[in-house]
Amino acid sequence: VAAPDVNSFDEATANCAPEERAKRVGVACRLAAESGYIAAGSMTTGSSEILVANSRGVWARRRSSIADGSTVVMSPSSSGWAQSSGWRLDSVDWAELGAEAVHKARLGRNPGEIEPGTYRVILDPYASADLLEMLSEGMGALAFEEERSWLAGRIGQKLMADAVTIVDNGLDPGGIPSTFDYEGAPRQVVRVVDHGVAVSPVYDSLTAARAGRASTGHATAPTATERPGPAPANLFLEPGSSNVDAMIRSTSEGLYITRFWYTRITHPRDVVVTGMTRDGTFIIRDGVIAGAVKSLRFTQSYLDALRSTEAVGSRVRVLRWGSGAFVAPALKLGAFRFSSATR
């Protein structure tokens, strides 16, 4: 079966010169300097071509491009972060990224302290994408077989709020398309979670054969020493109808969080994650941001957090991390537990 023809190659991205990348990063740096802050940024552009062929008639070939930009803006007491990815050069709007990071740095100056505890939280897409990344480690059929996955024994069960639907879709040009896997099998659109209900992991040919199913086109690249098993590569957390401003206005007390940092899974079955906030953590009181607070450490089940989802943003951010792409909106969660403040 031939893979669908979905364009994921942009000539301008593939041929972007180092001088052009530096010029684009400079837009954010100048915006920071105009506000009296310092900034750093990076931009990656490039292209690749993958060909899979064998003597049994498999033949799959695709060209793709990638553009990714990120910046951090710093004041003496705060920092602001912004990032964007895509397969087109214009996926990264440096004026927008710079303005966003400057705004976060300005808002985050002179952070105070709050008591650890359980808070209602509003997550920027950078933090929402971390939820997707940690969940993705349990979405492969090998982890499912070995009962390491949070999906194992829970297919058909309500694990998250109705507002949460998670789909792996390598065919959507609104993300970073990837139309076939490393076995040359066409990628299928897989609903991993549908309105909070666990539906299915993703499969390669080996795990699919053992399960009596067809591959969903999610084989990963084999290494010299192991076969790592199938994995999602293009995760979408489907958007809702809200936005960050509305989420803040509807919150009497809570936290607005830019992103999570240094997150690690401590309990795969329930996706218990430890980590901290970074580059902007803000206290909300009576529907407005009342000030910045110091970064907080947490140990929290991401499954439990998504079970408390109260609102989902309508706008998404495409982010390329490692070998995966994550397309995520802002989220409002009813309960998220923080264990301590950083110093």
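**Sheet, core and aromatic contacts in the predicted model**

Helix α2, spanning residues 18-34, lies across strands β1 and β2 and runs at about 150 degrees to β1. The structure described here is a predicted model. The two strands crossed by α2 belong to an open sheet of three strands, arranged in the order β1-β2-β3 with antiparallel pairing. The edges of this sheet are formed by β1 (38-53) and β3 (78-86), each of which pairs on one side only, and the twist averages 10 degrees from one strand to the next. Strand β1 is joined to β2 (residues 59-75) by 16 bridges, the two strands running antiparallel; within this pairing, Gly46 stands opposite Ile66 in β2.

Helix α4, which covers residues 125-136, comprises twelve residues and reaches 16 Å from its first C-alpha to its last, close to the 16 Å expected at 1.5 Å a residue. The helix is mostly covered, with eleven of its twelve residues buried; among the buried residues are Pro125, Tyr126, Asp130, Leu131, Leu132, Met134 and Leu135.

The largest nonpolar core of the model contains 66 residues, and those with the most contacts inside it are Trp150, Met160, Ile166 and Leu255. When residues up to four places away in sequence are not counted, Met160 touches Leu135, Trp150, Ile166, Val193, Gly196, Leu303, Leu306 and Arg307. One of these partners, Leu135, is also one of the buried residues of α4, whereas Trp150 and Ile166, likewise touched by Met160, are themselves among the residues with the most contacts inside the core. Apart from this core lies another, of ten residues, which includes Tyr256, Phe282, Ile284 and Ala330.

Aromatic side chains provide a further set of contacts, with the count of aromatic pairs coming to eleven. In one of these, Phe298 and Phe336 meet in an edge-to-face arrangement, at 5.1 Å centre to centre and with 70 degrees between the planes. Phe298 lies in strand β12 (residues 296-301) and Phe336 in strand β14 (residues 324-341), so the pair ties together parts that are 38 residues apart in sequence. Both Phe298 and Phe336 are buried, and ring pairs link these two residues with Tyr119, Phe260, Tyr302 and Phe338 into a cluster.

Technical notes:
Residues are numbered from 1 along each chain as its sequence is written. This is a predicted model: local features need pLDDT of at least 70, side-chain atom pairs count only at pLDDT 80 or more; totals for chains, interfaces and linings use all residues. Side-chain values use heavy atoms; hydrogens and water are left out. A nonpolar core is a set of buried Ala, Val, Leu, Ile, Met, Phe, Trp, Tyr and Cys residues joined through side-chain atoms within 4.5 Å. Buried means under 20% relative accessible area, exposed over 50%, partly exposed in between (1.4 Å probe, protein chains only). Contact means heavy atoms within 4.5 Å. Helices (H or I, at least four residues) and strands (E, at least two) are DSSP runs, numbered from the N terminus. The expected span of a helix is 1.5 Å times one less than its number of residues. Two strands pair if DSSP finds at least two bridges between them. Axes are lines fitted to C-alpha atoms, for helices over the stretch in contact, and angles run from 0 to 180 degrees between N-to-C directions. Rings of Phe, Tyr and Trp (its six-membered ring) pair if their centres lie within 6.5 Å; planes under 30 degrees apart count as stacked, over 60 as edge-to-face and the rest as tilted.
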